[in-house]
Each structure stands twice: as C-alpha cells, then as structure tokens.
Amino acid sequence: MTTTLAFDLIGYLFVASSVVSLYRVLWGPTIPDRLLGLNVASAQILAILVLYAAKEKLHVYLDVALVYDIFGFVGILALTKFLEKRHRKGE
Amino acid sequence: MIEGLVYIFLFLAAVFNLMGLVGILLFPDPYTRLQASSTCSTTAVISVFIAVMIEAGFSAITGKVLVITLFFFVSSPVGAHIIARYAWNMGIVPWRKLRKLSSKDFLHD
Amino acid sequence: MRVRSKWKLVRILFTTIWLYGGWLLYTGSFEAISLSLGAIASLFVAIITYDLFIAEYEAARKGLLVRIHYGILYLLYLLAQMYLSSFAVLINILRGNINPRVVHFRTRLHSDLARVLLATSITLTPGTIALELQEDHLIVHWLDAKTLHSKYAGILIKGKMETLLSRVLL
C-alpha cells in the first residue's frame, strides 16, 4: 500500500507534537494547565497506537489503545478528585 | 478515490494538530487553552480514526476502531469538562478582552 | 416490592444488551465459544453494575429506548458540526482575535442521559465548554462570544442539537 508512508509521517508528527505539549505539563503556571497537557499528550499517543495498528495490521495494539484511552480518562478523573479534596482541606 | 479520502483526512489531522498546538502555547488562560486543546486533540485524533477506518475497509480492525472512536467521542469532552469544572471550582477567573477606551466613555451627560 | 423486582429485571436486561453489543463490535468474531462467553460475561457484569448504568428513577421512563436511525443522524450531525466549528476556532487562532465570555442558559431536556449528552456535545463542538451542569442549568465558557443575552446565547450554542436529542431519546 502506498498509504504506509503517509501513516509514518503523521505518526512522527504526532510524536513531535506530544513532546511539545509536554511544555504545558512542565511549565504550566496553574494546575489545570498541567492536566490539560497530560490530556492532549494521552490523546495523541492513542492516535499513534491506532496508526501503528493499522499500518502493521496488528490487532493487539487496538486492545492496548482502548485500555489506554480508558486509563487516561480515569487518571484525569482521579487526579482532579484528589486535588479537589486537598484544595478543600487546605482552606 | 479511497486513497484520496485517506490523504484528505490525514492532512486535516495534521493541520488541526499543528493549529491546536499553536493555540495551547499562545492562549492567555486555562479556559481558552482548553478550547484550543479540545479542537486539537479531538478533531485531529478523530480524523486519524476516520482515515484508518476508510483505509481498512470492512474488516475486524474497522469494528475495533469504531468502538474506540465511540468511546473517545465520550471520553475526550468529558475529560475537558472535568478539567474546566476543576478550574472553575478552584476559582480561576476567565480572561477577558479589555475594551479599548474611547472618548465616548468620558462623556457624561 | 414485586414492581421493583420487575423493573430490576428490565434494567439488568437493558444493561446486558448494551454490553453485548459492545462485545460483538469489539471482538468481531462469530464463533460459538466467543458468542456464549460474551453473553455470560455481559450478564455477569450487568448483574453487578446495573445500578450504576440505569438509576432507579430513570427506569420507568421511555428514555431507555434509543431510536437507532435518529442516533446515527445525530452522530453524523455532530461530526459535521465538529469540523465546521473547528475551522472557526482555527481562524480565531490564526487571527489571534478572541473574546471569551461565560454565559448561562437552561435546557428543556428531561432525562439525565439526554442532559449529559447535551453537555458533552456542547463541549465536543470546539469554541464552547460546559463548565457546570446543575439540574437544567448550564454554565458555558464561550470562546468567541457574540452575545451575553441568556436565551439568545442558548439558541446560538445549542443549535439543532437539543431538538435532535429530544428525538433520539424518547
């Protein structure tokens, strides 16, 4: 297939942009900025997993992608719950 | 024909991804950055999923990617909403564009 | 008591059907062992979690029944809307010209599922993020605010999504 090269290029682009979005995780001025950077990076890594699965015709990567999506979502939820509790206790 | 559609969706994904990154880096406060990221991540990633589904045709990969797409349709906006509500409850004040003062503002009649 | 247990059976049945649909889509194989294993597993998970999926006061409504054709139409409409408003946000990013405001409005949908879906759709169409959803009252952050009037803002943001959703979920 000739689309393999395009899939490769988009995969590299997503890797680069997930590295750039880590800027917000490291230097974000507030806590929501850091969470936002994590959210964006996890979504892009999900896209990379799906691209790789489609390129190599490996179904295992799709299972990994679904579980990765669920865990990214639950991770954000747990972090905000924890931080909200700490915020309330601190006041 | 099919390859053309795949290329179009991959191109859309690249454009939305890059523009979303620019938005995330340049916008002034968490809410507006969240707007840019919900553009960036959701639309770019869903474009990639659609391209993969078109490329794979009618097969087991399409079914799995369809489930992932439906789940992502729910999980990404809810994640953005959770972060936004956390910022709102934390008491971060949304940034507002300041109106330029004109001579009309100083005229009291 | 007997009415309650009857509704409990209905709730378990609906949860099982949803879970089994997900299993069929995800495994994509129609062998006998896969089908039977999926049925047993989804029934087991449904017995544990039916209370979380469908709350008791939601059960009596017809809201459990989804009209499939309107559901697909809604999904396609949402996809088109997502691309259109993404282009709008893209132009805003390029011009660097934003005017963010927070607006309040109400929705007239009744069931919890429909309200959550409306809030999710509002967040999914970029340019608007739902900050808070209490009963039927929504607080929305709007990237390029055209108006601050509550009713007019509601009409502009919700668009056709509300009427379509009221058709999807009876």
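Author: Let's settle one term before we start: two residues are in contact if their C-beta atoms, placed from the backbone, lie within 7 Å. The model above is predicted.

Reader: How do you know whether chain A and chain C are in contact or not?

Author: The rule asks for a pair of C-beta atoms within 7 Å, and no such contact joins chain A and chain C. Their closest C-alpha atoms lie 9 Å apart.

Reader: Which of the two pairs of chains in contact share the most contacts?

Author: That is chains A and B. Chain A puts 37 residues into their contact and chain B puts in 40. On chain A, helices H1 (3-27), H2 (31-56) and H3 (60-90) each supply at least two residues, and H2(A) gives the most, with 13.

Reader: How do the residues of the side of chain A that touches chain B divide by class?

Author: They come out as 23 nonpolar, 10 polar and four charged. Do keep in mind that Tyr counts as nonpolar here and Gly as polar.

Reader: And what makes up the side of chain C that touches chain B?

Author: Chain C contributes 26 residues to that contact, and chain B contributes 30. Helix H1 (2-27), H4, helix H5 (112-124) and strand S2 (128-134) of chain C each give two or more residues. H4(C) gives the most, with six. By class, this side of chain C has 17 nonpolar residues, eight polar and one charged.

Reader: Helix H3 of chain B and H5(C) have axes that cross. What makes that arrangement roughly perpendicular?

Author: The axes of H3(B), residues 60-90, and H5(C) come within 9 Å and cross at roughly 85 degrees. An angle from 65 to 115 degrees counts as roughly perpendicular, so H3(B) is roughly perpendicular to H5(C). B:Val74, B:Pro77, B:Val78, B:Ala80 and B:His81 make the contact from H3(B), and C:Ala119, C:Thr120, C:Thr123 and C:Leu124 make it from H5(C). Six of these residues are nonpolar and three are polar, with no charged ones.

Reader: Within chain C, why are H4(C) and H7(C) called roughly antiparallel?

Author: Helix H4 (68-95) and helix H7 (161-168) of chain C have axes that come within 9 Å and cross at roughly 155 degrees. The cut-off for roughly antiparallel is an angle over 145 degrees, so H4(C) earns that description relative to H7(C). Their crossing is also left-handed.

Reader: Which residues make the contact of H4(C) and H7(C), and how do they divide by class?

Author: C:Tyr70, C:Gly71, C:Tyr74 and C:Tyr77 come from H4(C), with C:Leu164, C:Leu165, C:Arg167 and C:Val168 from H7(C). They divide into six nonpolar, one polar and one charged. With Gly counted as polar and Arg as charged, C:Gly71 and C:Arg167 fill the last two classes.

Reader: Let's look at single residues. Is A:Leu49 buried or exposed, and how do you know?

Author: A residue needs 20 or more other C-beta atoms within 10 Å to be buried. A:Leu49 has 20, so A:Leu49 is buried. This residue sits in helix H2 of chain A. Setting aside neighbours within four places in sequence, A:Leu49 is in contact with A:Tyr61, A:Val64, A:Ala65 and A:Tyr68. The C-alpha atom of A:Leu49 is separated by 21 Å from that of A:Leu35, 14 residues apart along the chain.

Reader: And A:Lys57, is it buried or exposed?

Author: The limit for exposed is 12 or fewer. A:Lys57 has 10 other C-beta atoms within 10 Å, so A:Lys57 is exposed. Its place is in the loop between H2 and H3 of chain A.

Reader: What is the phi of A:Lys57?

Author: Most residues other than glycine have a negative phi. A:Lys57 is not a glycine, yet has a positive phi of about 55 degrees.

Reader: How many helices and strands does chain B have?

Author: Chain B has three helices and zero strands, running α-α-α from the N terminus. Of its 109 residues, 51% count as buried.

Reader: Finally, what does the predictor say about confidence in the complex?

Author: The complex gets an ipTM of 0.85 and a pTM of 0.84. Chain C averages a pLDDT of 80, and 92% of its residues score at least 70. Among the elements of chain C, helix H3 (56-59) has the lowest mean pLDDT, 63, and strand S3 (137-142) the highest, 86.

Definitions and conventions:
Residues numbered from 1 in each chain as written. Chains lettered and ligands numbered in written order. Predicted model: local features only at pLDDT ≥ 70, side-chain atom pairs only at ≥ 80, totals over all residues. Axes fitted to C-alpha atoms, helices over the stretch in contact; angles between N-to-C directions. Helix = DSSP H or I, 4+ residues; strand = E, 2+ residues; numbered from the N terminus. Parallel < 35°, antiparallel > 145°, perpendicular 65-115°, else oblique. Left-handed = near helix turned anticlockwise from the far one by under 90°. pLDDT = per-residue confidence, 0-100.
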